[in-house]
Structure formats: structure tokens, C-alpha cells
Amino acid sequence: MSVSALQSSQNFRRSSPESLKMRLLKVATCNLNQWAMDFDCNVKHIKESIEEAKRAGAVIRLGPELEITGYGCEDHFLELDTVNHAWECLKDILLGHWTDGILCSFGMPVIKDSERYNCQVLCYNRKIIMIRPKMWLANDGNYRELRWFTAWKLKDKLVDFQLPRDISEALSQTSVPFGYGYIQFLDTAVAAEVCEELFTPIPPHAELALNGVEVFMNASGSHHQLRKLDVRLRAFIGATHTRGGVYMYSNHQGCDGGRLYYDGCSCVVVNGDLVAQGSQFSLKDVEVVVAHVDLDAVASLRGSISSFQEQASYKTKVPSVAASYSLCQSFNLKISLSSPLEINYHCAEEEIAFGPGCWLWDYLRRSGASGFLLPLSGGADSSSVAAIVGCMCQLVVKEIANGDEQVKADAVRIGHYAEGQFPTDSREFARRIFYTVFMGSENSSEATRTRAKVLADEVGSWHLDVSIDGIVSALLSLFQTLTGKRPRYKVDGGSNIENLGLQNIQARIRMVLAFMLASLLPWVHSKPGFYLVLGSSNVDEGLRGYLTKYDCSSADINPIGSISKQDLRAFLRWAATHLRYSSLADIEAAPPTAELEPIRSNYSQLDEVDMGMTYEELSVYGRLRKIYRCGPVSMFKNLCYRWGAKLSPSEVAEKVKHFFKYYSINRHKMTVLTPSYHAESYSPEDNRFDLRQFLYNSRWPYQFGKIDKLVKELNGDSVGVRRESSGMGVVAAGSGNPNVGL
């Protein structure tokens, strides 16, 4: 089909007899659980979604961004194979009956000339109508689209795109329109707006609406982040509230191979009202959301807004492609229209349960592992991970009961059920796929040992209780043989260096033991495969570096590595009731402690005392550092306002200095941080989200000097405040102390 200069007339201005009929349109959008680079899996899900949309009577089907390849291919997008395979998959779809009578938008990479574009390919009746390249690429936070794609910059015209030879021959099409524009059908106009474009200062839907486009299709690849769904939904509602229109949104749902969980929530919004909403968290591979809408309601709203009429009268014309097909139905009382819905939001505690739970399930079923192994200390963090795995098991059993055959097949395979058997009880399923181990020492309390055992029983895990004292003693004896010295704890008269060294020995032994058990326990129980070791350090500990390098925070994956301590404690209170793990209430109430030092009548190790700051303060520092982009001086100024009623400028200064000192000393730990579920906007994860150096001058002489000067001015104190001596705060990377981060 060649490029057409035909411009859309606004539908409410038609005066033919046909215009007196209602224009009813049934649309379908979907959540798809795609897997980067697994083309067979992805095409299967695409075809299933089209079939379900057609069965529902939809004439438009929208899928997520880059759905053919998977969104998370990253540098695989640079390989020609990836692009070629995407074309092969598209050809397979178009040669079948899948697009007969239904407009489908498929996401895939396309190379034009020498540039690679992130595109939506719009197809109907086994033909490509047009290819719409993305104009504004996501390139912040977790997104690096400019690394792989070029933004399309020509807005005033469509150009001809020469189809690859095998595609051209198979479809009997030589070229198709390529660029920014819309499709003008006989009874409506439809356009694509791709993910990030919606959130730009001047989004494409604004001028497309003025050009008469009534249906907007947003294919997205949006990941979950706590408390952020409302931001997304407000954007859809705002896009059509004052301009009118049907806004369709499609998203991935699941773990497609990395740290992100794409949280679905595909939906349809009409004139600012949500009329259809899919799930945010689900184990389903395919979920189709259907809405029946009245396009005359769009025309009516636009006709009633004077400012819309005036701006449309001198709009910038957007190029279009003519498609001589009708999509709408006429007035029919047998057809029920979709009514406005109340938006369904999950509370943060539910998000923590369901998001990481679904992510863990995808990782487990796709990794080839036979289950999980968790070092369970009886503390808040590892108990949160145990509860999330328990929630995952509950979701699996529930989905099987609802008839999901794919979840059932995966659960039977992973749990090694006999023929004809499948999980019907979450605790029984957990016992097959979840191992917990309490690795106690002479410093462990009976209280934490008991809490770990009780929680393991509630969740259903296969629980082990082992003492590591023998291994610690053997290592200390070896050290004494080599050096002639034996370190002592601080409470027994030892130095800080001895104290920290003894703590690190325990922590690292637990990591080694965890991986040994994960690799050999399946063999012990005559099971194939291996277990994935789960980590349990939270985002605040990572930010402060309050963890031993290569201890139990080192694992295969970590479902809570980007969740704050405060949110985890709230989750434990919620899960005690809603997941029916009542022991979590006692675990949450206990003061956080590493239990790496001896307990004495006058001394008990506490996390917040060791860190020199509270978890609540850490969350504040983390948000100011990352979200508000504050260095030491800006953070000091902000906290003077926030904490000025209870702290003097000198006290605020000391807190800020203390945080940045230990943050910078410990930054090297982020380079080996266990891959963690991304949930928090101030995550210090070094792989792609929070890119910073890991060798700092931890004295921050210039910045701390500026703070001292400000304190002096604020206090009117000619003496000022104490400055730490300058010099490079270089530490021996790899020493791994939990308190100073070595």
C-alpha cells in the first residue's frame, strides 16, 4: 500500500445518512508474558491473544511494545539475527488467518536504511498497512533505548519502506508507508502512540486528536515500581479527558529475563473514564482485556469543547494512510457497551507479595531449577522472602484451581508430581520446591531459631537447622596456626578489626554452605536439577553497605533487594493476617539484629546502632540522593528544612557526613550485588539503574567543607564544626566487613 496524503475529516462533521448510525467498536488489548529472545514462546502468546480477541468479537487487537522479540533483549537488539527472526515471526503470523478481519499492532525492531527503529507494525487482512517507528525513546532509569534504537524524527511525511525480499514475496507487497501518521478507515481514524511518547511534554496524541484520530493504541514495556501505577493511569485518563478518544494500553506482564517485572494492567479508557482493566500481577501467560465503546461519544465530547474546535481548525496536519475498510457496527440493543469502572489499585503490601511472587515463579519455571533454598535467620528480611515464596505457592495453587493448564504443567514438572497428580495445597507444594535452613552459631538466640522453625512450618518449606560453630572454629584454628594469633570479639576485649573479622567469617561460611546445599540437596533427595539460592538484603542495607561482601546477601536472585526496611515491616504485618503466617507478627516486632556478636547480659547487637542511623533515616537519604539528585551539600540544605525543628544544623551536618562517608566506602559492594527484583525508585543497584563510581574519596573534603561553612553561617559560630581530616578514604576492596563495608 503506497503513502497517501489523504487527511482525516473529523468524524462528527460527516453529514451522510450513515453518520446518523451509532458507531460501536469492540477493541482488545492484552497482557503478555513474553520471554526475551524466545521467539516460539512469544509468537505462541501473540496468536493466543489474537484468537481470544477474535472470539470476543474485537476488530482491533493491541499487543505490548517489542512483543515479538521481547522487550528485554538489550544488546541482542544489535544483532541482525534478532531483527531477521522478528520478520520471520511476523511473516508466519501474516500468512495464517490471524489478522483476518482484525487490525493488529505488533511490536518489533525494524532496520530502515542503516538505522534501527523500535516499531509498531499495523496489519489487517494479512497485509501490512503501515509501520510506525517510535519517536521519543525511553532512556532513563532502567531504560537504555538509545543504545539500541534511533528515534524517528520526520513528522511531516510518511516515506516508503521497502520490505525484505522474502516478506515481500510472501505477502505480495513491495513497500509500505513508514513514519509518523495514522490510519484513516472508512468510519474512524486509528493511530499508535508508543510507551514513552505518552509521557513527553508534547505527546503525539494531542495533535493526532486534533486531526480526528479517535482510537489511540499505546504499546508499552512498563515495569513495576511500588506505588507508581496511579501515575500511569492518570496519564491515560488525562490523554482523553479534555480531548476525547479511546485510549488502549497494552503491556508486558512477568519476568522476561532480567531484574524487572512488567506489571501488566492493560486497559481501555474512553473520554477520561476507565472502562476495562486487566490484572497488574498474574501467573497467566496471556490475558486479553476487551471493551465495547461508542465512538460517537468521542465525537460528541469533542464537538462540545470550544477550545478543541478552535485548535482543530488550524491544526498541524499529520500524514495518514487510507484503508478502505469499516471497523464499526451500527446501533444494536443486543450489544452492551462497557461502563466506567472504579480503578483497581493494590496496596503497597499486596504489591510486595504479588509482584516478587510472580517474578520468582517466572524465574523458577524458566531457569530449569527444581526449587529455591533460603538461609532463614528468623529476622525480618529473610522472613519476608520466605513469606513471598509462600505467597507464590498460594498463587500457583489458586491458578491451577482456576483451570490454568500452563501453570499446572509447570508446577507438575517442577514439583516432580506423579502422573495425574498436581498441587492442591500450597504448603504441600512448598515442601516440594522450597528449602529453608537456619545456620546458627554460638551468637544466635533461641528466639530467632524458634521463629525460623515456626515460620518454615507455616509456609510448608523443608526446614534444616545446622550449627556453623565447628566450621568457624576450624577456620580460626587454621588462622592461628598460620599467624600465631587468635582474634577475639570486642565484648571479650578484642579490637574493632578482630570483631569485624569474626563477624565476616560467620557471614561468608553461610554463603558457601547455602550454595553447597542448593547444589547437592536435589541429589540427596533423588531429584534432578538444582535449587536457586535466594538472597535477603534490602535496599537500605545496600545503600548503606550494611552487609558483608559475599555473605548470605550473595545469592542467585533476591526478591527484596529493592524494597525498604520500612515497607518490609509493613508487609510482614499484612502477611501475618492475609497470608495466614501468624508468626510474622512476632518477627516484625523484634528489633533488627545480625546476631554476629556474642550476646551478653549488658550487650546485644542491633542493626541501627551498628549503622549509626535508623532505617527511616536511610530511606530519607536514599530518596534525596537518587530521586531528588542531591549531593552532600544539597542533602544538608534539604534536611535542615525537614529536620530543623528537632535537630540543629550541626547535628544535621554530622548525620549527612556520616551517611555519605559509609555510602562511599561501601559503594564497591554494589558491583557484586545479587540480581534483585526492581521495586524502589532509590535503588542503588549498580548494573543499570544507579550508575556511579565505586572508588570515592570518602572524606568528601570539598563538599563537607561547604557544609561546615554553611553550619558556621547558620550558627553564627566563628569556631565552626569539626571537619574530618582530608585524604583518600581508600579501602581494601573485598575485606567485606558488615559495619564499615570493607
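1. A quick definition before the surface: a patch here is built from residues with over 30% relative accessible area and no salt bridge, and nonpolar side chains are joined into one when they lie within 5 Å. With that in hand, have a look at Ile471, Leu475, Leu478 and Leu482, which make up a nonpolar patch on the surface and together show about 380 Å² of accessible area. Bear in mind throughout that this is a predicted model.

2. Staying with that patch, Leu475 sits in helix H14, which covers residues 469-483. Its relative accessible area is 37%, so Leu475 counts as partly exposed.

3. On to the charges. Side chains of opposite charge can pair when their charged atoms come close. How many salt bridges does the structure hold? The count is 35. A few of them are worth a click, and they come next.

4. Asp113 and Lys112 pair up through their side chains, with 3.2 Å from N to O. Are the two partners buried or exposed? Asp113 is exposed, at 64% relative accessible area, whereas Lys112 is buried, at 11%.

5. Another salt bridge joins the side chains of Lys155 and Glu207, at 3.1 Å from N to O. Lys155 lies in the loop between helix H3 (145-148) and strand E6 (159-162), while Glu207 belongs to helix H5 (residues 204-210), so this pair ties together parts that are 52 residues apart in sequence. Lys155 is partly exposed, with a relative accessible area of 38%. Glu207 has 19%, and it counts as buried because the cut-off for that is under 20%.

6. Further along the chain, the side chains of Arg449 and Asp465 also meet in a salt bridge, with an N to O distance of 3.1 Å. Here the partners come from helix H13 (residues 446-459), which holds Arg449, and strand E19 (residues 462-467), which holds Asp465, so the link ties together parts 16 residues apart in sequence. Arg449 counts as partly exposed at 21% relative accessibility, and Asp465 is partly exposed too, at 45%.

7. Salt bridges can also be followed from residue to residue: Asp285, Asp362, Arg365, Asp410 and Arg413 are linked in a network of them.

8. Now the annotation. UniProt, in an unreviewed entry, lists residues 25-295 as "domain: CN hydrolase". Over that stretch the chain is 24% helix and 32% strand, and its end C-alpha atoms are 7 Å apart.

9. What about the inside? The largest nonpolar core has 65 residues, and the members touching the most others are Ile68, Trp87, Leu90, Phe106, Ile128, Ile131 and Phe178. Which element gives the most to this core? That is helix H2 (residues 80-95), with 7 residues. Apart from this core lies another, of 58 residues, including Leu283, Ala353, Phe354 and Ala456.

10. Phe106 is a good residue to centre your view on. Leaving out residues up to four places away in sequence, its contacts include the nonpolar Ile46, Ile50, Ile68, Leu90, Ile93 and Val121. Arg61, Glu67, Thr99 and Gln120 are also among the residues that Phe106 touches, as are Cys119 and Cys123.

11. Last, a look at Ser320, which lies in strand E16 (residues 320-322). Ser320 is buried, with a relative accessible area of 0%. How far is Ser320 from Ser445? They are 125 residues apart in sequence and 72 Å apart in space, taken C-alpha to C-alpha.

Technical notes:
Residues are numbered from 1 along each chain as its sequence is written. This is a predicted model: local features need pLDDT of at least 70, side-chain atom pairs count only at pLDDT 80 or more; totals for chains, interfaces and linings use all residues. Side-chain values use heavy atoms; hydrogens and water are left out. Patches are made of residues with over 30% relative accessible area and no salt bridge: like charges are joined within 9 Å, nonpolar side chains (Val, Leu, Ile, Met, Phe, Trp, Tyr) within 5 Å. Accessible areas come from the Shrake-Rupley method with a 1.4 Å probe; for residues, only the protein chains shown count as cover. A salt bridge is a side-chain nitrogen of Lys or Arg within 4 Å of a carboxyl oxygen of Asp or Glu. Helices (H or I, at least four residues) and strands (E, at least two) are DSSP runs, numbered from the N terminus. Buried means under 20% relative accessible area, exposed over 50%, partly exposed in between (1.4 Å probe, protein chains only). UniProt positions are given in the numbering used here, feature names are shortened, and annotations may be inferred rather than shown by experiment. A nonpolar core is a set of buried Ala, Val, Leu, Ile, Met, Phe, Trp, Tyr and Cys residues joined through side-chain atoms within 4.5 Å. Contact means heavy atoms within 4.5 Å.
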